[in-house]
Amino acid sequence: MEKPDYHIFVCCSFRGIEAKGKCLRKESPNLIPYLQEELVDRGLNAMVSSSGCLNRCDDGPAMVIYPQGIWYGNVNGEAEVDEILDALEEGVAAEKYLIT
């Protein structure tokens, strides 16, 4: 497998062995298949992983893109993912969802 240009982590609220927190309650795991489909459709060399708690519960669902280290919050569905991926393709951050 080729090393990806981007690695996207989606918070799935695991702390210890149990899922907890707002990201899971806001169905963050449902973002993962859509992200994967969009990355293929857009031809982006990226991978998606679920993560444990990112400790940004008030901003959830949260997502981080590396190696850029861009943190996003309130990624509630496909529309937000589309805006974030559009910005990624343009080489900028999607300001509306940035966690600062």
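This report describes the fold of one protein chain and then a few of its residues.

## Overall fold

The structure is a predicted model. Its protein chain contains 3 helices and 5 strands. Read along the sequence, these elements follow the pattern β-β-α-α-β-β-β-α. The radius of gyration of the chain is 13 Å, close to the 13 Å that the globule rule gives for 100 residues, so the chain is as compact as a globular protein of that length. Along the principal axes, the C-alpha atoms fill a box of roughly 35 × 30 × 20 Å.

Of the 100 residues of the chain, 42% count as buried. The chain exposes about 5,700 Å², and carbon and sulfur atoms supply 48% of that area. Among the contacts with a separation of 6 or more, 61% are between residues 24 or more positions apart.

## Helix H3

Helix H3 covers residues 78-90. At 1.5 Å a residue, its 13 residues should span 18 Å, and the end C-alpha atoms are 18 Å apart, which agrees. The buried residues of H3 are Glu80, Val81, Ile84, Leu85, Ala87 and Leu88. Seen down the axis of H3, these buried residues fall within an arc of 155 degrees, so they line one face of the helix. Just after H3 comes glycine 91, with a positive phi of about 80 degrees.

## Glutamate 38 in helix H2

Helix H2 runs over residues 31-42 and includes glutamate 38. Is glutamate 38 buried or exposed? Glutamate 38 has a relative accessibility of 14%. The limit for a buried residue is under 20%, so glutamate 38 counts as buried. Leaving aside residues up to four places away in sequence, glutamate 38 touches Asp82 and Leu85. Leu85 is also one of the buried residues of H3.

## An aromatic pair

The count of aromatic pairs comes to 1. The pair is formed by phenylalanine 9 and tyrosine 66, with 6.0 Å centre to centre and 75 degrees between the planes. Planes over 60 degrees apart count as edge-to-face, and the pair is of that kind. Phenylalanine 9 lies in strand S1 (residues 6-15) and tyrosine 66 in strand S4, so the pair ties together parts that are 57 residues apart in sequence.

Phenylalanine 9 is partly exposed, at 22% relative accessibility. Tyrosine 66 is also partly exposed, with a relative accessible area of 35%.

## Cis peptide bonds

Tyrosine 66 appears again in the backbone, where its peptide bond to proline 67 is cis. Another cis peptide bond joins glycine 60 and proline 61. The table lists the two prolines.

| Peptide bond | Omega | Place of the proline |
|---|---|---|
| Glycine 60 to proline 61 | about -5 degrees | loop between strand S3 (46-52) and strand S4 (63-66) |
| Tyrosine 66 to proline 67 | near 15 degrees | loop between S4 and strand S5 (70-72) |

## Positive phi values in loops

Which residue in the loop between helix H1 (22-25) and H2 is described here? That residue is glutamate 27. Its phi is near 65 degrees, a positive value in a residue other than glycine.

Asparagine 74 is placed in the loop between S5 and helix H3. Asparagine 74 is not a glycine, yet its phi is positive, at about 55 degrees. With a relative accessibility of 35%, asparagine 74 counts as partly exposed.

## Asparagine 45 and the start of the chain

Another loop residue is asparagine 45, found between H2 and S3. Asparagine 45 has a relative accessible area of 22% and is partly exposed. Which residues does asparagine 45 touch, not counting residues up to four places away in sequence? They are Glu2, Lys3, Pro4, Asp5 and Tyr6. Asparagine 45 and lysine 3 are 42 residues apart along the chain, and their C-alpha atoms are separated by 8.2 Å. Tyr6, one of the residues touched by asparagine 45, falls within strand S1, which spans residues 6-15.

Notes:
Residues numbered from 1 in each chain as written. Predicted model: local features only at pLDDT ≥ 70, side-chain atom pairs only at ≥ 80, totals over all residues. Heavy atoms only, no water. Helix = DSSP H or I, 4+ residues; strand = E, 2+ residues; numbered from the N terminus. Buried < 20%, exposed > 50% of the residue type's maximum accessible area, 1.4 Å probe, protein only. Contact = heavy atoms within 4.5 Å. Expected span 1.5 Å × (residues − 1). Arc of directions from axis to C-beta. Rg over C-alpha atoms; globule rule 2.2 N^0.38 Å. Areas by Shrake-Rupley, 256 points an atom, 1.4 Å probe, with all protein chains shown as cover. Phe/Tyr/Trp six-rings, centres within 6.5 Å; stacked < 30°, edge-to-face > 60°.
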